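Thanks for sharing this one. Here are a few notes to read with the model open beside you.

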Amino acid sequence: MERRELLYEGKAKQVYRTADPDLLIQHFKDDATAFNAQKRGTIASKGIINNRTSEVFFKLLEEHGVATHFVRRLSDRDMLIRSCDIVKIEVVARNIIAGSLAKRLGRPEGELLSEPVLEHYLKDDALGDPMINDWHIRVLRLATAPELQTINETALKVNAILREFLDARGIVLVDMKLEFGRHQGKMLLADEICPDTCRFWDKATSEKLDKDRFRRDLGGVEEAYQEVARRICGVAL
């Protein structure tokens, strides 16, 4: 599948047209950003790892009846995806208190939530992706009530499937960011699922195996990403 013109370039990915208007190529970069792009850097092989882990997760979710934009992986860094009208809502599924939630609630990081919590954020870099609620979503017409219900139900299903999958590989799914898009009248899970968009902790030691190592200058960033690849993909990349 040949890349055509560049449609979009974000902090971690590029999206290209193809000869088929219903299909796009998503290219994964090694660029790393944090704090709304105030901190920038690169993580060696990050694009390769994020592409491969996203492939594993999307295939797993499709097997469990979750509709996604994934078609197939084309190369180390390229993924063929269905063209979507991305919903301007980022959905965060939380299982353990960490990051901004610890600050907002004044609770210790690492505290287990009694049940998964969903949060919604307006997808707008210029505004810093502010948190929004159902009322904002309705008034701003970001999604219809049935669409939001589908998004929330799918996010909880994805969370449950991935928690079980990762637990068997010695990884705790602390939280994750999900995005959705409309494709031919259907809501699809889109974007990526990887150490950039999830908090992964080692089950035995609680060692961080995700982008928090970059955000917090903890060191061992590449090693953490490679460990995730080894456990999820079965091979270091």
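**Notes on helices, loops and a few single residues**

1. Let me start in a loop: D129 sits between β10 (112-122) and β11 (131-132). Please keep in mind that this is a predicted model. The phi of D129 is near 50°, a positive value in a residue that is not glycine. As general background, most residues other than glycine have a negative phi. D129 counts as buried, because its relative accessible area is 17%, under the 20% cut-off.

2. R141 is another one to look at. This residue belongs to the loop between α3 (134-139) and α4, and its phi is positive too, about 55°, although R141 is not a glycine. Is R141 buried or exposed? With a relative accessible area of 75%, R141 is exposed.

3. Helix α4 follows, covering residues 145-167. Its 23 residues reach 33 Å from the first C-alpha to the last, close to the 33 Å expected at 1.5 Å a residue. Its buried residues are E147, L148, I151, N152, T154, A155, V158, N159, I161, L162, F165 and L166. I would point out E147, N152 and N159 as worth a glance in that list.

4. D134 is in helix α3. Its relative accessibility is 39%, so D134 counts as partly exposed. Which residues does D134 touch, leaving aside neighbours within four places in sequence? The contacts are H120 and L148, and L148 is one of the buried residues of α4. For a sense of distance, the C-alpha atoms of D134 and G234 are 40 Å apart, with these positions 100 residues apart along the chain.

5. Now to helix α6, residues 221-233. With 13 residues, α6 reaches 18 Å from its first C-alpha to its last, close to the 18 Å expected at 1.5 Å a residue. V221, A224, Y225, V228, A229, R231, I232 and C233 are buried in α6. What do the buried residues of α6 pack against? Their partners are α1, α4, β12 (171-183), β14 (198-202) and α5 (212-215). After α6 comes G234, with a positive phi near 85°.

6. The pairing of α6 with α1 (residues 46-63) deserves its own point. The two helices pack at an angle of about 30°, and their axes are 10 Å apart. That angle makes α1 roughly parallel to α6, since angles under 35 degrees count as such. The crossing of α1 and α6 is left-handed.

7. Here is who meets whom in that pairing. From α1 come K46, I49, N50, R52, T53, V56 and F57, and from α6 come Y225, Q226, V228, A229, I232 and C233. By class, the residues of this contact divide into eight nonpolar, three polar and two charged.

8. Finally, please have a look at R52, which is placed in helix α1. Its relative accessible area is 18%, so R52 counts as buried. Which residues does R52 touch, not counting those up to four places away in sequence? R52 is in contact with R73, C233, V235 and L237. Of these, C233 is buried in α6 and belongs to the α1 and α6 contact described above.

How values were computed. Residues are numbered from 1 along each chain as its sequence is written. This is a predicted model: local features need pLDDT of at least 70, side-chain atom pairs count only at pLDDT 80 or more; totals for chains, interfaces and linings use all residues. Side-chain values use heavy atoms; hydrogens and water are left out. Axes are lines fitted to C-alpha atoms, for helices over the stretch in contact, and angles run from 0 to 180 degrees between N-to-C directions. Helices (H or I, at least four residues) and strands (E, at least two) are DSSP runs, numbered from the N terminus. Angles under 35 degrees count as roughly parallel, over 145 as roughly antiparallel, 65 to 115 as roughly perpendicular and the rest as oblique. A crossing is left-handed if the near helix is turned anticlockwise from the far one by less than a right angle, and right-handed if clockwise. Contact means heavy atoms within 4.5 Å. Ala, Val, Leu, Ile, Met, Phe, Trp, Tyr, Cys and Pro count as nonpolar, Asp, Glu, Lys and Arg as charged, and the others, Gly among them, as polar. The expected span of a helix is 1.5 Å times one less than its number of residues. Buried means under 20% relative accessible area, exposed over 50%, partly exposed in between (1.4 Å probe, protein chains only).
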